[in-house]
Structure formats: C-alpha cells, structure tokens
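Thanks for coming. I have one structure to go through, and I will take it residue by residue before turning to the whole chain.

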Amino acid sequence: MNGVIVVDKPCGWTSHDVVNKMRRIAGTTKVGHLGTLDPLATGVLPLLLNRATRLAQYFTLNEKTYEGTIRFGFSTDSYDADGVATSPQGEPVLTAESVELALAPFRGTFQQIPPVVSAKKINGRPAHELARKKIAVEMKPVEVTVLALDVLSIEGSTVKVRVHCTAGTYIRSIAHDAGVLMGCGAHLQNLRRTQSGLFDAGQARTLEQLGALASENRLSEALIPSGELLPEFPSEPIDQLTETQIRQGRDFRVSPFRDRGDCRYVKALNRAGELVAIGEIVMPNLYHPALVL
C-alpha cells in the first residue's frame, strides 16, 4: 500500500481531519496530503500512503483547478462564507461587463496577499492562530499565476467561476480583492477542487467509500501505486542485483539506448513494477539513488 489515494474531501473537514481518518481506514500512521484544502472547500485531496510519503518533495509542478461561487455584496474576515461579515450586506446588480472588469486583474502572474485567516506561516506559526488571538499580522504578497479564470454563470449577486492556477494561489483572496475593485465587497461562498496536479475528480472517492473498501480488504483498488506516480520522470527497469545495490546507496547504471530527454531524475522500478528509488543523474547513464523507498 505505497502510493496515492485521492479523497473527495467533504465540506467542514480540515485536510488534517481527512489525514487522520485515512490513517484509521488504512491502518497506518504514514499518511500525508499534497496541498491543503480549507474546511469550506470540497473535492480532490491526494493522500500519500506509507513509504510514498517520502515522494512529496518531487510534486513541485502541482497546478490546481477549482470551481467556486463568489458572493458579491459584502466581505468577511476570512474571505469566505465561514467568516464574520466586515461590511454591510448589499445586493449589487451584476453585469458581464462589471464582473469582467473586477476579475481581469487576476489572470496571469501577479502579487497576491494571502488571507489573514489561513495556514500561511508567520514566524513559524499559522496566521490563523495569531488572528484568533487578535495579534496583528502583516501578510506579505506572494507571486502566483492564474492560467485561466472563466466565468461560468452570473445569478443575482453570485458569480460561478472556474480557476486554473499554480499551487499557493488563494481563490478566497481573488474573491475578496474582486469585491474591493467592484466597490461592494465580496467573499467566496463555496469551492470545489476538481484537479490537483495529475489527480482529478474522476479518481476521487469519498471517505465512506474508502471505509467500505477497507472493511472488505479491497482498499488497494483505490490506490495509485508509487510506480505510476511522477510520470514526468522516465522509468528504468532494474534487476534484483541492481535493486540490492541501490538499497546499499550505490550508484546505478541504466541503458544508454533510451532517450530520457533532459530530465534530472529517473524512477527505478523492480521486476514487479514497484518503485525502488528516485535516481538523480551523476553523468550520462549513471544515477545516484537520491531517495530509496
């Protein structure tokens, strides 16, 4: 059971709640998530299990796609529906043109200030902990990239959007800042992540479904094995002798007749297709085991 299980996170749960639940379902303490979701948000939450938790460092190109609803008319302290209103409630009349003007600045690469009520670390402590204790927090802007921001529908004072962005982008901040530009305030009413890196909603299972599989000893049916992860790294088949040498920390050679492009890493797979190690190039066709599972 080394690999990823994609959970469809329920509303109201923290990502840590889901990790704890999966530990009980899978009967292991070694579970980690690839990208936090706010309690309000639902959808794709990939979880690494057992030895695969060590692969987290290699999931760097983890773009996300979300669908959510922005409620124009008032802002909240958390920038979402879980927060306390910070402005009088109104019912602005929205048009396609006014919505486009409010959202246009949040496409492409720009500096974004994260919400104070967030897991962003300030001197090693989550910002939301300081905010709850009424300690003043100065959030520094972070560069983010929104690859696409599409308006799906406009109904009354709400706008449904789809956002494709880089990791670290706060959709709550986009909603709040759009409300500032509109002059009426806004917050994120709901949010669902439909894609995280190469994992999507079609692979996601509810905690109830996973619990049922585990009770029938079929949890492996939901597992994406470690050998299938990180497809951007070329796969290299190894024999038993090479696997033993890799586990001793020794460099290993690969076939000189395979094109690996300019990739820095390879995945060393044993005869059963299991991931043994991530190899880092030392010289052409020679790799050092940077991480051994």
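Glu-91 touches Arg-71 and Ser-157, leaving out residues up to four places away in sequence. Both of these contacts have a polar component between side chains. With Arg-71, the side chain of Glu-91 makes a polar contact at 2.9 Å. With Ser-157, the side chains are joined by a polar contact of 3.2 Å. I should say here that the model is predicted, and everything I quote is computed from it.

Where does Glu-91 sit? It is in the loop between β4 and α2. Is Glu-91 buried or exposed? Its relative accessibility is 57%, and the cut-off for exposed is over 50%, so Glu-91 counts as exposed. One distance for orientation: Glu-91 and Lys-160 are 69 residues apart in sequence, and their C-alpha atoms are 16 Å apart in space.

Staying in that loop, the next residue is Thr-86, which also lies between β4, residues 64-72, and α2, residues 96-103. Which residues does Thr-86 touch, not counting those up to four places away in sequence? They are Ser-75, Thr-76 and Asp-77. With Ser-75 there is a polar contact, side chain to side chain, at 2.7 Å. As for accessibility, Thr-86 has a relative accessible area of 48%. Buried is under 20% and exposed is over 50%, so Thr-86 falls in between and is called partly exposed. For a long distance, take Thr-86 and Arg-258: they are 172 residues apart along the chain, and their C-alpha atoms are separated by 60 Å.

Now from the loop to the strand before it. Thr-65 has its place in strand β4. Its relative accessible area is 12%, and the cut-off for buried is under 20%, so Thr-65 is buried. Setting aside neighbours within four places in sequence, Thr-65 is in contact with Arg-162, Val-163 and His-164, and with Arg-192, Arg-193, Thr-194 and Gln-195. From that list I pick out Gln-195, whose side chain makes a polar contact with the side chain of Thr-65 at 2.6 Å.

So what does the Gln-195 end look like? Gln-195 is found in strand β10, residues 186-196. Its relative accessibility is 16%, under the 20% cut-off, so Gln-195 counts as buried as well. What does the side chain of Gln-195 reach at 3.1 Å? The answer is the backbone oxygen of Glu-63. Together with the 2.6 Å contact to the side chain of Thr-65, that places polar contacts from the Gln-195 side chain on Glu-63 and on Thr-65. Outside its neighbours within four places in sequence, Gln-195 is in contact with Val-44, Glu-63, Lys-64, Thr-65, His-164 and Asp-200. His-164 is also on the contact list of Thr-65.

Next, empty space. Rolling a probe the size of a water molecule over the atoms shows where such space is left. How many cavities of 30 Å³ or more does a search of the whole structure find? It finds one. The space in the largest cavity is about 30 Å³. Its lining consists of Asp-38, Leu-40, Ala-41, Asp-80, Arg-172, Leu-188 and Leu-191. By class, that lining has four nonpolar residues, three charged and no polar.

Among the pockets, I will mention the second largest, which holds about 240 Å³ of space. It is lined by 15 residues, and those nearest its centre are Phe-59, Gly-197, Leu-198, Pro-231 and Glu-232. The lining divides into nine nonpolar, four polar and two charged residues.

Last, the protein as a whole. The secondary structure comes to six helices and 17 strands. Along the principal axes, the C-alpha atoms fill a box of roughly 70 × 45 × 40 Å. There are 293 residues, and buried ones make up 46% of them. The accessible surface comes to about 14700 Å², with 51% of it belonging to carbon and sulfur atoms. How much of the contact set is long-range in sequence? Of the contacts with a separation of 6 or more, 67% are between residues 24 or more positions apart. The Thr-65 to Gln-195 pair, at 2.6 Å, is the one I would put on the screen during questions.

How values were computed
Residues are numbered from 1 along each chain as its sequence is written. This is a predicted model: local features need pLDDT of at least 70, side-chain atom pairs count only at pLDDT 80 or more; totals for chains, interfaces and linings use all residues. Side-chain values use heavy atoms; hydrogens and water are left out. On a 1 Å grid over the protein atoms alone, a cavity is a set of points where a 1.4 Å probe fits but cannot get out, and a pocket is an open set with protein on both sides within 12 Å along at least five of seven lines; lining residues have an atom within 4 Å of a point. Grid points are joined across faces, edges and corners, and a volume is the space filled by probe spheres set on the points. Ala, Val, Leu, Ile, Met, Phe, Trp, Tyr, Cys and Pro count as nonpolar, Asp, Glu, Lys and Arg as charged, and the others, Gly among them, as polar. Helices (H or I, at least four residues) and strands (E, at least two) are DSSP runs, numbered from the N terminus. Buried means under 20% relative accessible area, exposed over 50%, partly exposed in between (1.4 Å probe, protein chains only). Contact means heavy atoms within 4.5 Å. A polar contact is a pair of N or O atoms within 3.5 Å; within protein, one must be able to donate a hydrogen and the other to accept it, and residues adjacent in sequence count only if both atoms are side-chain atoms. Accessible areas come from the Shrake-Rupley method with a 1.4 Å probe; for residues, only the protein chains shown count as cover.
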